[in-house]
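The questions below go through one protein model, and each answer closes on the value or name requested.

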Amino acid sequence: MSNYKLADKANWKGRSSNQQLYLHEKVQLSSIKESFTATNTKTIALLGYSSDEGVKRNLGRVGAAMGPDAIRKELGKMSNHLSEVAQLVDFGNLECENQDLEKLQNDLAKAVSFLLESDTMPIILGGSHDLAYGHYIGLAKHLKNGEKLGIINFDAHFDLRANTNGNNSGTPFYQIALEHEAKNEAIKYMALGIRKDANTKDLFEFAEKHKVNYLLQKHFGINYLEHVQLRLIQFMEDVDYVYTTIDLDGFSSAFAPGVSAASPMGFAPDVVLESLKLIIDSGKLLGVDVVELNPTYDIDDQTAKLAASLIHYIIHRL
Ligand SMILES: N=CN[C@@H](CCC(=O)O)C(=O)O
Ligand SMILES: [Mn+2]
Ligand SMILES: [Mn+2]
């Protein structure tokens, strides 16, 4: 069984205005255990995946279980420019119990599916990147016959490692690729910011074999914006919906020191924001997550603030 923790108002603090000038004043709390009725077409659901079991299994530095609440603390202090009728709803956290990561992923899939059925846009806060498997499965349940769900992953890593010894933070897209292969379908997977020094030859070979659409870190920069945009547009033309996952360890550690596996030569926020603009404006975005925030290694909450700023951008662009 996975633990479920109800949303906690203590995570939402900031200046008081009494006119919802700040997001902590805008946010509503709800539960995935109760039915939820969205009162607006723009209803954003926040759900935490408060686990680093996948990082632990992948021999990384633990601490990402504290990621979701650290993001909420920064997001709540930020300015609210949402319309009065738009809704921002915190649905609390799922936690890993008895190291049962597979059960947690399954529970996340059910929760994501519940959020879509409730007419909300899921934004999952991580948490180790194994959450991507549960998130994808939950979103895929929404597809009608023949519809395709593309994955756009901002990351230093492919996360295409084999899950021979169980699932972990490095295996989510391998699991998805294999499930597609079993059904004679191709995975629609784009990975942006891949580091050559952080992915082995066999991972590149697996990516080539499964026609993963990737851009190396050296080509994922604002100087290559036109090329990045073209690649994104071509990728999105071929799918009905997009699942976007942002692994904070893809950012340069100058921007994101608070992760398990830092990237001194990672990408910058500007190219990610430009990419998000295209993705959101395509109208195909079904779900998004920000993963791998590890507050234990953060400096002055910079990485938590970056994660919150990305979410702030997304919810206001939607
Ligand atoms: N989600 C992270 N996955 C990376 C971790 C790399 C590392 O620990 O150095 C991976 O498995 O490649
Ligand atoms: Mn990564
Ligand atoms: Mn990753």
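**Strands, helix and ligand shell**

Q: In which sense do β6 and strand β9 (residues 241–247) pair, and over how many bridges?
A: This is a predicted model, and in it the two strands β6 and β9 are paired along residues 241–247 of the latter strand. One position of this pairing sets Ile 151 opposite Tyr 243 in β9. The sense of the pairing is parallel, and the number of bridges is 6.

Q: Which strand is joined to β6 by 4 bridges?
A: Ile 152 of β6 stands opposite Met 190. Met 190 belongs to β7, a strand that covers residues 189–194 and runs parallel to β6. The strand joined to β6 by 4 bridges is therefore β7.

Q: Why can β7 be called largely enclosed by the rest of the structure?
A: A residue counts as buried if 20 or more other C-beta atoms lie within 10 Å of its own. β7 is largely enclosed because the residues that count as buried number 6 of the 6.

Q: Which residues lie on the two sides of β6, and are they buried or exposed?
A: Strand β6, residues 149–154, is mostly covered, with 6 of its 6 residues buried. One side carries Leu 149, Ile 151 and Asn 153, while the other carries Gly 150, Ile 152 and Phe 154, and on both faces these residues are all buried.

Q: Which residues point each way from β5?
A: Strand β5 spans residues 121–126, and 6 of its 6 residues are buried. The residues pointing one way are Met 121, Ile 123 and Leu 125, and those pointing the other way are Pro 122, Ile 124 and Gly 126.

Q: How many bridges pair β5 with strand β3 (residues 43–50), and how many with strand β10 (residues 285–291)?
A: Towards β3, Ala 45 stands opposite Pro 122 in β5, and towards β10, Ile 123 stands opposite Val 288. The pairing with β3 is in the parallel sense, and the pairing with β10 is likewise parallel. The number of bridges is 6 with β3 and 3 with β10.

Q: What length does helix α10 reach from its first C-alpha to its last?
A: Helix α10 runs over residues 302–317 and has 16 residues, for which 22 Å is expected at 1.5 Å a residue. Its buried residues include Leu 306, Leu 310, Ile 311 and Ile 314. The reach of α10 is close to the expected value, at 22 Å.

Q: How many residues of each class make up the shell around ligand 1?
A: The residues around ligand 1 include His 129, His 157, Asp 159 and Arg 161, and Ala 261 is also among them. By class, the shell has 1 nonpolar, 6 polar and 2 charged residues.

Q: What is the radius of gyration of the chain?
A: The chain has 10 helices and 10 strands. For 318 residues the globule rule gives 20 Å, and the value for the chain is close to it, so the chain is as compact as a globular protein of that length, with a radius of gyration of 18 Å.

Q: What share of the residues of the chain count as buried?
A: The C-alpha trace spans about 55 × 40 × 40 Å along its principal axes. Among contacts between residues at least 6 apart in sequence, 77% join residues at least 24 apart. Of the 318 residues, the share that count as buried is 53%.

Notes. Residues numbered from 1 in each chain as written. Chains lettered and ligands numbered in written order. Predicted model: local features only at pLDDT ≥ 70, side-chain atom pairs only at ≥ 80, totals over all residues. Expected span 1.5 Å × (residues − 1). Buried ≥ 20, exposed ≤ 12 C-beta atoms within 10 Å, placed from the backbone. Near = placed C-beta within 6 Å. Nonpolar A, V, L, I, M, F, W, Y, C, P; charged D, E, K, R; others polar. Rg over C-alpha atoms; globule rule 2.2 N^0.38 Å. Contact = placed C-beta atoms within 7 Å. Pairing = 2+ DSSP bridges.
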